[in-house]
Amino acid sequence: MASKQNSRVILRSRPGKVNPPSLENFAVEPVEPPLVCEQGEILVKTLYLSVDPYMRSRMNEGGSVGYIAPFEIGKVLSGGGVGRVEESKSDKFSVGDIVECFGFPWQHYCVLPEDHQSLRKVESEIVCENPSLALGLCGLTALTSLIALQERGHIVPGQNQTVVVTGAAGACGSAAGQIAKIFGCGKLVGICGSEEKCQYIKELGFDSSINYKQVDNMAEELRKHCPQGIDVYFDNVGGEISNEIIRLMNKNSHVIICGQISTYNQDIPYPNPLPQDVQEIVTKQNITRERFLVLDFSPLIPAARAQLEVWVKEGKLKNRETVEEGLENVAKAFLSMMSGGNIGKQVVKVA
């Protein structure tokens with residue numbers, strides 16, 4: 001490693017719970033001394049990194065998303081990542097293997113223990129050829145969408161159910177919409193923040209789209225697009241849009257809480273508490289509304305991942321990524337994603 005330049009991205013400062021994050025909260029610094037791969041470890045060259053909304057909560061002091069600790073000041077940040085093994089002192093991995101894990105440090109090179117909880121060798125040919133898929137349509141992003149719809153959506157082919165997805169042009173939203181159609185939903189409505197995004201999700205198979213930035217009355221717009229009410233709501237944003245969607249939901253319908261990005265810069269609980277009138281609707285209509293965390297369904301992940309890979313190969317799942325180049329731009333990519341600058345999965349190509 002002595003001859004290889006290595007840098008990392010650290011958390012320089014916290015934005016505070018009610019402020020949007022900024023570039024000043026991050027810093028790039030050299031990694032010294034050179035990395036040494038010990039017995040039972042692998043040295044990995046980073047290929048792609050994932051930036052995701054949950055990371056905003058990890059920037060808060062003393063707070064997190066509930067299942068993973070906050071980032072520490074002065075320490076390297078981490079998230080989903082995929083890389084290539086450059087050196088191995090492990091019987092489980094060989095030089096040249098493509099590996100991915102959750103908790104991948106934001107560095108050019110890193111040393112990972114072979115028993116890292118989520119470290120795995122990528123076996124799929126299509127993912128080895130396109131490593132960023134391990135972070136999106138064949139990774140935790142689409143696994144979340146697939147398993148959430150499977151376990152909480154209760155879509156039944158032939159029942160003509162209406163499914164609404166917010167953040168529909170984002171990573172989880174675009175995957176969720178496509179999977180809902182594969183599962184046999186009747187009408188699929190996506191809510192986005194630009195005309196370009198609305199056009200994109202129609203290309204994915206959404207039946208209709210709503211640009212929330214161009215709507216004066218969301219309740220009326222939803223009634224126009226969902227005349228039979230709403231049966232499944234895949235919630236990526238929270239906030240007032242979600243409240244209006246719930247007001248139109250049918251009896252025995254289902255809300256899947258995947259994210260609440262509209263409120264991540266507010267000091268309120270996750271999931272967002274509902275206004276009293278909306279909570280009364282949830283109770284009266286017997287609507288299930290549960291936070292979804294894919295890590296709670298670990299036994300289902302291998303089969304779900306295999307299914308996603310088949311759908312990608314068959315062209316049933318269309319992939320689009322917003323790619324930022326360079327480790328030094330990972331913070332820029334994160335901030336852009338948080339403000340809706342991405343279509344599809346936001347990734348950073350490191351090497």
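# A guided tour, starting at threonine 144

Begin by selecting threonine 144, which counts as buried because its relative accessibility is 12%, below the 20% under which a residue is called buried. The model you have open is a predicted one. Threonine 144 has its place in helix α3, and if you set aside the neighbours within four places in sequence, the residues in contact with threonine 144 are Cys172, Cys258, Phe292 and Val294.

**The end of α3 and a similar stop elsewhere**

Follow helix α3, which covers residues 140-153, into the loop that leads on to strand β8 (162-166), and select histidine 154, which is found in that loop. Although histidine 154 is not a glycine, its phi is positive, at about 55°. What is the relative accessible area of histidine 154? The value is 42%, so histidine 154 is described as partly exposed.

Now move to asparagine 286, in the loop between helix α8 and strand β13 (288-291). Asparagine 286, which is not a glycine either, has a positive phi of about 55°, and with a relative accessibility of 46% this residue counts as partly exposed.

**Two cis peptide bonds**

Stay with α8, which covers residues 276-284, and look at the loop that connects strand β12 (249-257) with this helix, where you will find proline 271. The peptide bond between tyrosine 270 and proline 271 is cis, with an omega of about -5°.

For another bond of this kind, select glutamate 32 and proline 33, which are joined by a cis peptide bond whose omega is about -5°. Proline 33 lies in the loop between strands β2 and β3.

**Into strand β3**

From that loop, continue to glutamate 41, which is found in strand β3, a strand made of residues 41-50. Which residues does glutamate 41 contact, once its neighbours within four places in sequence are left aside? They are Val36, Ser88, Lys89, Ser90, Val111, Leu112, Pro113 and Glu114. If you also select glutamate 87, which is 46 residues away from glutamate 41 along the chain, you will find that the C-alpha atoms of the two are separated by 8.7 Å.

**Strand β5 and its partners**

Next, colour strand β5, residues 98-105, in which seven of the eight residues are buried, leaving the strand mostly covered. Strand β4, residues 78-88, runs antiparallel to β5, and seven bridges join the two strands. To see one position of this pairing, select valine 82 together with glutamate 100 in β5, since these two residues stand opposite each other.

Strand β5 is also joined to strand β7, residues 120-121, by two bridges, and these strands again run antiparallel. Here you can select valine 99, whose bridge partner in β7 is lysine 121.

**Helix α10**

Go on to helix α10, residues 330-338, which is largely enclosed by the rest of the structure, because seven of its nine residues are buried. Which residues of α10 are buried? Select Val330, Ala331, Ala333, Phe334, Leu335, Met337 and Met338 to see them. In a helix of this general type, 3.6 residues make a turn, so residues three or four places apart point the same way. The elements that cover the buried residues of α10 include the strands β1 (7-11), β2 (26-30), β3, β14 (321-325) and β15 (345-349), as well as helix α1 (54-58). Just after α10 you can select glycine 340, which takes a positive phi of about 80°.

**The whole chain**

Finally, zoom out until the entire protein chain is in view, with its 10 helices and 15 strands. Along the principal axes, the C-alpha atoms fill a box of roughly 65 × 45 × 35 Å. The radius of gyration is 21 Å, which agrees with the value near 20 Å that a compact globule of 351 residues would have. Of these 351 residues, 54% are buried, and the accessible surface of the chain comes to about 15400 Å², with 47% of that surface belonging to carbon and sulfur atoms.

Contacts between parts of the chain that are distant in sequence can be considered here as well: among contacts between residues at least 6 apart in sequence, 67% join residues at least 24 apart. As a last step, select the charged residues, whose 35 positive and 41 negative charges have mean positions that are 2 Å apart.

Technical notes. Residues numbered from 1 in each chain as written. Predicted model: local features only at pLDDT ≥ 70, side-chain atom pairs only at ≥ 80, totals over all residues. Heavy atoms only, no water. Buried < 20%, exposed > 50% of the residue type's maximum accessible area, 1.4 Å probe, protein only. Helix = DSSP H or I, 4+ residues; strand = E, 2+ residues; numbered from the N terminus. Pairing = 2+ DSSP bridges. Rg over C-alpha atoms; globule rule 2.2 N^0.38 Å. Contact = heavy atoms within 4.5 Å. Areas by Shrake-Rupley, 256 points an atom, 1.4 Å probe, with all protein chains shown as cover. Lys, Arg positive; Asp, Glu negative; His and termini not counted. Charge placed at Lys NZ, Arg CZ, Asp CG, Glu CD.
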